[in-house]
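This report introduces a protein structure to a reader who is new to the subject. Please keep the sequence and the structure in view while reading.

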Amino acid sequence: MEIKTVDDAAVDSSTVGNTTGNTTVDNSNPLPNRLPKPPIQQLIDWIVDPVRYQVQGRQQFGDVFTANLSGLGSMVVISDPKMIQELLSCDPNKFDIGRGNTLISPLLGTTTLLMLDGEAHRNKRKLLMPSFHGERLQTYAQQIEESIASTTQQWQPGKPFAMLTAARQLGLKIIIKVVFGVREGERYDELTPLMRAWLHVLDSPFRASFIFLKFLQRDFGQWYPWTRIQKRQQRLHELLQAEIDERRASEDSDRTDILSLLMAARDENGQGMHDEELRSELLMLLLAGHETTAISISWMLYQVYQNPAIIDRLRQEIASLGDNANPLAILQLPYLNAVCQETLRMYPVATLLFPRIPKEPITLAGQTFPEDVPLVPSIYLVHYREDLYPNPHEFRPERFLERQYAPSEYFPFGGGNRRCIGSALAQMEMKLALAHVVQRYEMLSVDSRPVALGRRGFTFGPQTDVGMVVTSRRKAPNSVSVASGQVQ
Ligand code: HEM
């Protein structure tokens with residue numbers, strides 16, 4: 001997830017190395033390797049094709065260079081694993097990170113995990129994390145499986161369909177059920193299209209400009225995009241509040257969805273989250289978790305179905321489980337895991353980590369950087385390093401069986417104190433979707449040209465939707481329940 005480069009008080013082209021808005025930057029720590037293009041040109045290049053922008057920066061200057069984006073300021077882009085390792089293992093108190101994410105506050109308010117720093121961030125993470133880990137996670141497997149089955153059942157042999165759209169539908173179903181815990185019915189039926197429409201703002205560079213460019217955030221009447229976004233947001237809050245009120249009234253202790261867990265969570269002082277905070281965290285999880293996972297699932301299936309040898313190996317591996325092919329066993333399969341890892345390597349949904357903004361000058365791998373200028377590890381540049389990943393443009397899951405990568409060499413979910421809290425949930429969705437689909441469908445891509453990676457608002461994914469067609473259905477395997485291990 002890539003949100004912002006530097007707050008609005010940061011360095012502009014004329015003052016790089018001198019001031020960051022009101023803050024003075026130490027001239028003895030000048031910014032390294034500044035890209036020479038005018039900042040406005042850099043901003044345009046960045047919005048239009050951030051991957052090419054980063055690749056050119058690296059070609060010109062190597063593993064560390066300074067970008068300067070008009071209106072957003074400067075940031076140091078890093079693709080040296082040693083420097084990244086030092087950065088991610090630093091004391092988190094040395095950086096602000098949440099304040100680099102405030103761009104998204106018109107959609108989420110200012111109290112969600114993404115925007116917090118310091119103790120407030122630590123406390124909020126402690127409240128959220130247990131819902132995404134350990135045994136808790138296993139309780140979601142059955143609902144994820146059911147959502148996958150109901151989505152894929154719509155795929156008719158011979159009828160082309162759009163894979164990214166299908167994966168986004170799947171992602172919404174999972175979030176509504178697993179995260180919000182909303183059961184099917186009137187509220188569920190209203191939430192689904194409403195959430196889709198609200199998220200629509202983030203799935204193209206044009207629509208996302210309403211977030212990037214503050215002056216567009218006005219109320220110009222009911223047809224104006226920003227007014228519509230605000231209206232949808234308000235209705236979403238109303239529906240989520242109704243759900244929260246109903247839960248409080250019924251006190252059903254059997255519920256295992258994430259909203260119920262968050263409502264019950266208490267910090268060290270016995271404090272829980274108030275309703276507005278709960279609603280905002282739910283929308284934050286929707287925003288952070290929906291598009292990211294959907295994009296990864298579409299890339300994965302797109303790649304796998306172009307490689308018959310990969311499908312054969314996956315099918316053999318799943319078949320080797322015999323009658324024990326339950327979701328928990330599937331999650332442990334090494335080759336299936338390698339396919340997911342290779343997808344996340346080759347197609348990082350966020351090309352950069354959240355900016356780490358040092359509160360004071362900092363030295364990493366022998367190089368000193370000034371305070372207040374964001375340091376940003378590039379997932380994309382590291383994941384395409386020839387020295388780590390020979391032939392990086394080749395989709396080759398085996399590389400993850402042949403070698404172990406350090407957390408600074410492979411980090412699709414980031415690292416340190418901001419590491420993605422949904423990483424286990426996302427990988428569970430990916431693995432269960434992959435196992436389900438390869439066991440049941442023969443498919444082909446209907447696109448004659450390779451699908452390119454490009455900006456989709458905040459995230460990076462297929463520039464066009466991924467056209468697929470089911471050529472035939474395979475004999476469905478027996479399904480096995482997670483809880484009992486019984487064949488159904
Ligand atoms: C394939 C899917 C996903 C990818 C590739 C991904 C990637 C990332 C990345 C790169 C970060 C920034 C980490 C950093 O700067 O160190 C992040 C943060 C985050 N992600 Fe994910 N994510 C995915 C799915 C999810 C899901 C399913 C959820 C929850 C439902 C989620 C919730 C979050 C949250 C809350 C943060 C902010 C953590 C913090 O600020 O402490 N993500 N994610």
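The sections below move from the overall fold to particular helices, strands, aromatic rings and the iron site.

## Overall fold

The structure discussed here is a predicted model. The protein contains 19 helices and 14 strands. Of its 488 residues, 58% count as buried.

Contacts can also be sorted by how far apart the partners lie in the sequence. Among contacts with a separation of 6 or more, 71% are between residues 24 or more positions apart.

## The iron site and helix α19

Which residue supplies the protein donor to the iron atom of the ligand? The single donor from the protein is the SG atom of C420, at 2.3 Å from the iron. C420 belongs to the loop between α18 (399–402) and α19 (423–440).

Helix α19, which borders that loop, consists of 18 residues. The distance from its first C-alpha to its last is 26 Å, close to the 26 Å expected at 1.5 Å a residue. Because 17 of its 18 residues are buried, α19 is largely enclosed by the rest of the structure.

## Helices α11 and α13

Helix α13 has 30 residues and should span 44 Å at 1.5 Å a residue; its end C-alpha atoms are 43 Å apart, which agrees. This helix is mostly covered, with 26 of its 30 residues buried.

Helix α11 (residues 225–250) has 26 residues, for which the expected span at 1.5 Å a residue is 38 Å. Its end C-alpha atoms are 38 Å apart, in agreement with that value. The buried residues of α11 include W226, I229, Q233, L236, L240, E243 and R247. A general rule helps in reading such a list: an α-helix has 3.6 residues a turn, so residues three or four places apart point the same way. Just after α11, E251 takes a positive phi of about 50°.

## The surroundings of G181

G181 lies in the loop between α8 (163–179) and α9 (186–199). Is this residue buried or exposed? Its relative accessibility is 5%, and it therefore counts as buried, since the cut-off for buried is under 20%.

Apart from neighbours within four places in sequence, G181 is in contact with I176, E243, R247, R255 and D257. Of these partners, E243 and R247 are among the buried residues of α11. D257 is 76 residues from G181 in sequence, yet the C-alpha atoms of the two are 4.9 Å apart in space.

## Strands and sheets

An open sheet of three strands has the order β6-β14-β11, and its pairing is antiparallel. Strands β6 and β11 stand at the edges with a single partner strand each, so one side of each has no neighbour in the sheet. Five bridges join β11 to strand β14 (residues 467–473) in the antiparallel sense. Across this pairing, S445 stands opposite M468 in β14.

Strands β12 (residues 453–456) and β13 (residues 459–462) also pair in the antiparallel sense, over four bridges. R456 has T459 in β13 as its bridge partner. The hairpin of β12 and β13 has two residues between the strands, and G457 there takes a positive phi near 85°.

## Aromatic rings

A pair of aromatic rings is described by the distance of the centres and the angle of the planes. The count in this protein comes to ten aromatic pairs. In one of them, the rings of W155 and Y441 have centres 5.5 Å apart and planes at 55°, so the pair is tilted. This pair links distant parts of the chain, 286 residues apart: W155 is in the loop between α7 (141–152) and β6 (161–162), and Y441 is in strand β11 (residues 441–445). W155 is buried, with a relative accessible area of 6%, and Y441 is buried as well, at 4%.

W299 and Y347 form a stacked pair, with 3.9 Å from centre to centre and 5° between the planes. W299 is in helix α13 (residues 275–304), while Y347 is in the loop between α16 (334–346) and β7 (357–358), 48 residues apart. Both W299 and Y347 are buried. Elsewhere, Y389, F400, Y405 and Y410 form one aromatic cluster. A ring may also have a charge over it: the charged end of R345 sits over the ring of Y384, 5.5 Å from its centre.

Methods:
Residues are numbered from 1 along each chain as its sequence is written. This is a predicted model: local features need pLDDT of at least 70, side-chain atom pairs count only at pLDDT 80 or more; totals for chains, interfaces and linings use all residues. Side-chain values use heavy atoms; hydrogens and water are left out. Buried means under 20% relative accessible area, exposed over 50%, partly exposed in between (1.4 Å probe, protein chains only). Contact means heavy atoms within 4.5 Å. Rings of Phe, Tyr and Trp (its six-membered ring) pair if their centres lie within 6.5 Å; planes under 30 degrees apart count as stacked, over 60 as edge-to-face and the rest as tilted. A charge sits over a ring if NZ of Lys or CZ of Arg is within 6 Å of the ring centre and within 35 degrees of the ring normal. Two strands pair if DSSP finds at least two bridges between them. Donors are N, O and S atoms within 2.8 Å of the metal (3.2 Å for Na, K and Ca); water is not among the atoms, so sites may look incomplete. The expected span of a helix is 1.5 Å times one less than its number of residues.
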